[in-house]
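Please open the structure in your viewer and keep the selection tool at hand. The stops below are meant to be followed in order, with a pause at each to look around before moving on.

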Amino acid sequence: MSDSENQKPLNFIQHIINEDIANGKNQGRVHTRFPPEPNGYLHIGHAKSICLNFGIAEQYKGQCNLRFDDTNPAKESDEYAKAIEADIRWLGFQWAGDIHHASDYFEQLYQFAIELIEKNLAFVDELTPEQMQQYRGNFAEPGKNSPYRDRPVAENLDLFHRMRAGEFEDGKMVLRAKIDMASPNIKMRDPVLYRIKRMHHIRTGDKWCIYPMYDFTHCISDAIEGVTHSLCTLEFEDHRPLYDWVIDNISIECHPQQIEFSRLNLAYTITSKRKLTQLIEGHYVNGWDDPRMPTISGMRRRGYPAEAIREFVELTGVTKKNHVVDMALLEFSVREVLNKKAPRAMAVLRPLKLVIENYPEDKVEQLQAPRHPQDESMGKRTIPFTREIYIDQEDFREQSNNKFKRLVLGKEVRLRNAYVIRCDEVIKDAAGKICELRCHYDENTLGKNPEDRKVKGVIHWVSATASVSAIVRRYDRLFNSANPAAEEDFTQCINPDSLNEYTQARIEPSLASCQPGENFQFEREGYFVADSEDYTAEKPLFNMTVGLRDTWARMDV
RNA sequence: AGGGGCGUCGCCAAGCGGCAAGGCACUUGGUUUUGAUCCAAGCAUUCGUAGGUUCGAAUCCUGCCGCCCCUGCCA
């Protein structure tokens with residue numbers, strides 16, 4: 001087959017970059033950056049930006065910087081910055097060189113502001129925020145010039161200097177660009193460049209009492225770092241003329257190209273930082289790394305491999321269309337990765353005791369089973385087989401039609417990795433609840449099928465006497481609405497059954513000595529991960545990552 | 001109202017004037033000691049809509065319709 005037949009189609013950003021390279025722009029150099037504000041935890045939406053920026057740099061043998069956009073000390077913390085670094089590394093990316101910070105450029109930014117003032121392209125304004133809003137106009141009406149707009153350059157220079165020196169109260173003055181109050185693009189109506197804010201900054205401490213705004217900072221930071229392609233989300237499209245205006249009007253060579261793409265929205269989830277915080281503060285979930293959270297840390301604790309997240313992002317593509325991606329695609333990516341790498345094991349979530357009457361009472365057989373049915377290199381594990389075992393309550397019915405391929409009274413079933421058994425008797429308690437099954441096994445069915453009959457069902461099990469008790473948590477979607485953010489009150493559509501805890505679960509012994517964070521497939525159930533926080537050998541705790549694809553559940557029997 | 005974007009299968013998404021890729025989901029068969037995996041097959045006479053240009057239009061032009069973003073001293 002030819003290369004072209006296998007080649008993935010390029011996305012629109014790659015087309016732009018290819019054209020830039022063909023035209024010799026930036027001497028063929030490709031340099032991107034991931035610029036988070038350290039004011040919260042990274043989520044699936046950020047994962048897209050990370051994969052895109054680092055991915056593009058990788059593909060074009062360029063570089064991708066990590067730059068913290070730390071221009072608003074009111075919101076930022078070092079704790080967030082550290083968590084962001086860890087999440088990026090976990091996703092499998094490494095930034096070029098040291099970490100950058102917008103605050104590294106505060107002095108240069110200040111000098112560029114002075115340049116704008118000297119060119120009569122910026123002025124110090126004393127309008128109150130309310131006045132400024134009125135002067136800005138609206139979609140229908142053009143804005144009006146501030147009465148302070150025509151101050152002499154020298155006065156602006158003096159005032160700006162004194163703003164920095166701390167002579168004025170917070171909020172008393174701002175530095176504004178002098179562009180066009182009648183612009184149909186409201187972002188161009190003399191945007192604020194600097195505000196006075198006496199706040200301790202996580203990196204510059206109390207050195208500054210004025211802080212530059214995003215629109216002034218971001219483009220210059222990109223240019224200083226030699227970024228060639230500044231990739232951001234759609235809502236910044238209106239900012240692009242301002243991005244270009246700033247770069248065009250200061251003395252700097254590099255002019256990065258801003259390109260906007262659409263955010264990654266996932267059905268049945270939210271990514272708004274405010275709402276995520278609400279989930280935590282309202283104790284709807286147990287922290288930022290709760291396995292139901294769409295945060296990177298939540299997905300990690302849930303057992304999603306980084307590779308699966310990368311693949312998912314790749315599968316969703318890069319365009320300018322607003323879209324909402326099906327959860328099914330994420331789950332597909334997770335299963336695909338885990339199917340290959342997760343060792344198999346057996347665990348019974350809802351144990352039902354089963355006694356094999358023709359099996360000797362103190363006999364224990366150490367059965368061998370492959371860790372992976374399609375990958376012999378993963379080796380084998382040992383599973384003890386005994387007279388008393390547990391099966392799942394859902395794998396037994398007193399009577400059923402032959403669609404039910406599990407254990408039925410009077411019928412046979414295969415115990416996975418072990419023998420064929422037949423159920424002879426059901427024992428119930430006073431309330432009529434099934435509490436024990438009495439069965440017989442066929443000793444000639446280990447590793448082979450009976451010759452005279454067909455046994456179609458296979459169920460999983462663990463030894464009653466040689467298994468370990470464990471807690472297993474199963475998760476379902478956090479919201480019952482496909483678009484929780486659009487609900488009047490998103491907390492009203494929280495799924496009350498998003499967490500199901502099985503406290504009586506039993507696991508095969510090999511699972512009791514694993515490492516926190518290890519992934520497994522519990523056969524016939526799904527993929528599970530040893531909890532990275534609360535797993536101990538004494539009290540094993542597993543989280544369900546995702547269930548197996550289940551065509552049985554779709555049938556109505 | 002003004003500005004900026006976007007409309008191709010249930011969900012993503014190629015396509016850039018020559019006769020609708022691919023993935024997910026779904027359906028149907030086959031293999032199987034996981035109702036998993038794997039394998040095979042099916043799944044848009046049609047590209048928001050109405051006109052126009054052309055031998056030929058998802059692709060070009062025009063009008064309309066729909067959705068998203070913008071009136072922080074947030075990023």
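The tour that follows goes through a predicted model, stop by stop, with a selection to make at each.

**The RNA strand and its surroundings**

Begin by selecting RNA strand B together with the residues near it, of which there are 74, the closest being Arg344, Arg416, Gly447, Gln521 and Arg554. Of the atoms of RNA strand B that come within 4 Å of the protein, 62% belong to sugar and phosphate. If you colour the surrounding residues by character, you will find 29 nonpolar, 20 polar and 25 charged. Several elements supply at least two residues each to this surface, among them α6 (129-136), α12 (306-316), α13 (327-341) and β20.

Three contacts deserve a separate look. Select arginine 416, where a polar side-chain atom lies 2.4 Å from a sugar or linking oxygen of RNA strand B. Move next to tyrosine 214, where a polar backbone atom is 2.9 Å from a phosphate oxygen of the strand, and then to aspartate 326, where a polar backbone atom is 3.2 Å from a sugar or linking oxygen.

**An open sheet**

Now display the strands β23-β20-β21-β22-β14-β17-β24, which in this order form an open sheet of 7 strands with mixed pairing. At the edges stand β23 (458-459) and β24 (461-463), and because each has a single partner strand, one side of each is left without a neighbour in the sheet. Within the sheet, follow β21 and β22, which run antiparallel and are joined by 8 bridges. Here isoleucine 421 stands opposite tyrosine 441 of β22.

**Aromatic pairs**

Which rings should be selected after this? The model holds 21 aromatic pairs, and one of them is formed by tyrosine 419 and tyrosine 441, whose ring centres are 4.8 Å apart and whose planes stand at 80 degrees, so that the pair is edge-to-face. Tyrosine 419 lies in the loop between β20 (412-415) and β21 (420-428), while tyrosine 441 belongs to strand β22 (residues 434-442), and the pair therefore ties together parts that are 22 residues apart in sequence. Tyrosine 419 counts as buried, at 4% relative accessibility, and tyrosine 441 likewise counts as buried, at 10%.

Go on to phenylalanine 520 and phenylalanine 542, another edge-to-face pair, with 6.3 Å from centre to centre and 75 degrees between the planes. Phenylalanine 520 sits in strand β27 (residues 519-522) and phenylalanine 542 in strand β29 (residues 541-547), so this pair, too, ties together parts that are 22 residues apart in sequence. Both phenylalanine 520 and phenylalanine 542 are buried.

**A ring cluster and two charges over rings**

Select Phe106, Tyr110, Phe160, Tyr194, Trp208, Tyr211 and Phe216 together, since ring pairs link these residues into a cluster. Keep tyrosine 110 in view and add arginine 164, whose charged end sits over the tyrosine ring, 4.4 Å from its centre. A further arrangement of this kind is found at tryptophan 90, where the charged end of arginine 300 sits over the ring, 5.2 Å from its centre.

**A last stop in a loop**

Finish by selecting glycine 205, which has its place in the loop between β6 and β7 (210-212). Is glycine 205 buried or exposed? At 13% relative accessibility, glycine 205 counts as buried. For a sense of distance, add isoleucine 21: its C-alpha atom and that of glycine 205 are separated by 42 Å, and the two residues are 184 residues apart along the chain.

Notes: Residues numbered from 1 in each chain as written. Chains lettered and ligands numbered in written order. Predicted model: local features only at pLDDT ≥ 70, side-chain atom pairs only at ≥ 80, totals over all residues. Heavy atoms only, no water. Phe/Tyr/Trp six-rings, centres within 6.5 Å; stacked < 30°, edge-to-face > 60°. Helix = DSSP H or I, 4+ residues; strand = E, 2+ residues; numbered from the N terminus. Buried < 20%, exposed > 50% of the residue type's maximum accessible area, 1.4 Å probe, protein only. Lys NZ or Arg CZ within 6 Å of the ring centre and 35° of its normal. Pairing = 2+ DSSP bridges. Near = heavy atom within 4 Å. Polar contact = N/O pair within 3.5 Å; in protein donor to acceptor, adjacent residues only side chain to side chain. Nonpolar A, V, L, I, M, F, W, Y, C, P; charged D, E, K, R; others polar.
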